[in-house]
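Here are some short exercises, each with a worked solution. Have the model open beside you and try each task before reading on.

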Amino acid sequence: MKAEINKIELNFEDEGTGMPIIFLHGFPFDRHLWVDQIAVLKEHCRVITPDLRGFGDSSAPDEVYSMNQYAADIITLLDILSIEQAVVVGLSMGGYIALTIAEQYPERLLGLVFSNTHSAKDTAAKRQGRYNTAEKTNYDGIGFLVDDMLEKVLSENTLKTKPDVVEYVKQMMKRQRPSGVRGALKGMAERKDRTFILSEIQAPTMVIAGENDQLIPVIRAKAMAREIPHSHLEVISDAGHLSNLEQPELYNQVLLRFVDTFKTVESD
Ligand code: MLT
C-alpha cells in the first residue's frame, strides 16, 4: 500500500486487526526485516510495517533524512490510518526513530520496544565513517557496504549455520538504493544524544538485546533499560544484531508476552 506523506510516497503493509503495532526497521533494510514477526503477530494485532523513507518501495530522495523527519513520517502515517496510539517497535535505526517519537509525540505511544538499539549520538569517528561511506556510494554503489555489514549484523553462529537467513539479509541489503542509504547515513550521523529522554518515558517499554550483538552489546541495552521507568530487558540468546530474524521464535515469544500485557490491561 502507498500513501503520500510529507512530499514522498511511503510504502507500507497493514495486516490483522486489533491493537495497532508498528515496526520500524533498521539500516539498511526494509519492511521485509519483519517477515517472521508479521506472520505471527498479525493473528493477534493490527501489524503495520512501513518501508522507511529511502528504503524498500518508498521514495528515496537524495537528501538528509533526519530522525525528526522519520518520526514525522510515522506519525503522519498513523494519522492517515486513524490510529491514535500504537505500540512502536524499533530495531537499531528504527529504535533511534522510536526514541524520537518518545521525545516528540509521547501521547501517541501505547507501548515501546527498543530492539538492538541505544540512545547515544555517534562518536566523532563514527560520524566521519558514515560521511565517508555516504560519499563512496556516489561512485561505488552499495555492494561494499553489504559485504561489510553482513559480517556485523549477524552472529558468528548465524553466519555459519543459517545460510537461508544470511542470503535473505544479503538480498534485502542489496536491493536498497544508494540515495536512500546516503540519506539515512547522514541523518544518523547528525542525530542528537537522546539519553535524557529515557527517564521521562511513561509508556510500558521492553528493551531487547541480542546475546551476541557485535554492534550494540547487551551492556548498552541493560543501561538503557535501567534508565526507563516502566521497562524490562529481554536478552535473545544465540542472536546477533538482527535478533528478530536470527531467533524468530524466541523473539516472537517475548513480543507476544509484551503484547498480552496490554490485553490484560484492556480487559481489567
Ligand atoms: C542499524 O541496524 O540500523 C544500524 O546498525 C544502525 C547504525 O548504524 O547506527
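**Exercise 1.** Find the bridge partner of Glu 4 in strand 2.

*Solution.* Step one: look along strand 2, which covers residues 8–15; strands are DSSP runs of E, at least two residues long, and helices are runs of H or I, at least four, both numbered from the N terminus. Step two: read off the partner of Glu 4, which is Glu 9. Step three: widen the view to strand 1 and strand 2, which pair in the antiparallel sense over four bridges, where pairing requires that DSSP finds at least two bridges between the strands.

A word on the source: this is a predicted model, in which local features need pLDDT of at least 70 and side-chain atom pairs count only at pLDDT 80 or more, while totals for chains, interfaces and linings use all residues. Residues are numbered from 1 along each chain as its sequence is written, and side-chain values use heavy atoms, with hydrogens and water left out.

**Exercise 2.** Work out the strand order of the sheet and name its edge strands.

*Solution.* Step one: trace the open sheet of eight strands, whose order is 1-2-4-3-5-6-7-8 with mixed pairing. Step two: pick out strand 1 (2–5) and strand 8 (231–236), the edge strands, each of which pairs on one side only. Step three: add the twist, which averages 25° from one strand to the next (axes are lines fitted to C-alpha atoms, for helices over the stretch in contact, and angles run from 0 to 180 degrees between N-to-C directions).

**Exercise 3.** Which strands does helix 2 touch as it packs on the sheet?

*Solution.* Step one: locate helix 2 at residues 67–80. Step two: list its contacts (heavy atoms within 4.5 Å), namely strand 1, strand 2, strand 3 (20–24), strand 4 (46–50) and strand 5 (86–91). Step three: compare directions; that of helix 2 makes about 120° with that of strand 1.

**Exercise 4.** Classify the aromatic pair of Phe 23 and Trp 34.

*Solution.* Step one: recall that a pair of aromatic rings is described by the distance of the centres and the angle of the planes. Step two: apply the rule that rings of Phe, Tyr and Trp (its six-membered ring) pair if their centres lie within 6.5 Å, with planes under 30 degrees apart stacked, over 60 edge-to-face and the rest tilted. Step three: with 4.8 Å centre to centre and 45° between the planes, Phe 23 and Trp 34 are tilted. Step four: place them, Phe 23 in strand 3 and Trp 34 in the loop between strand 3 and helix 1 (35–41), eleven residues apart.
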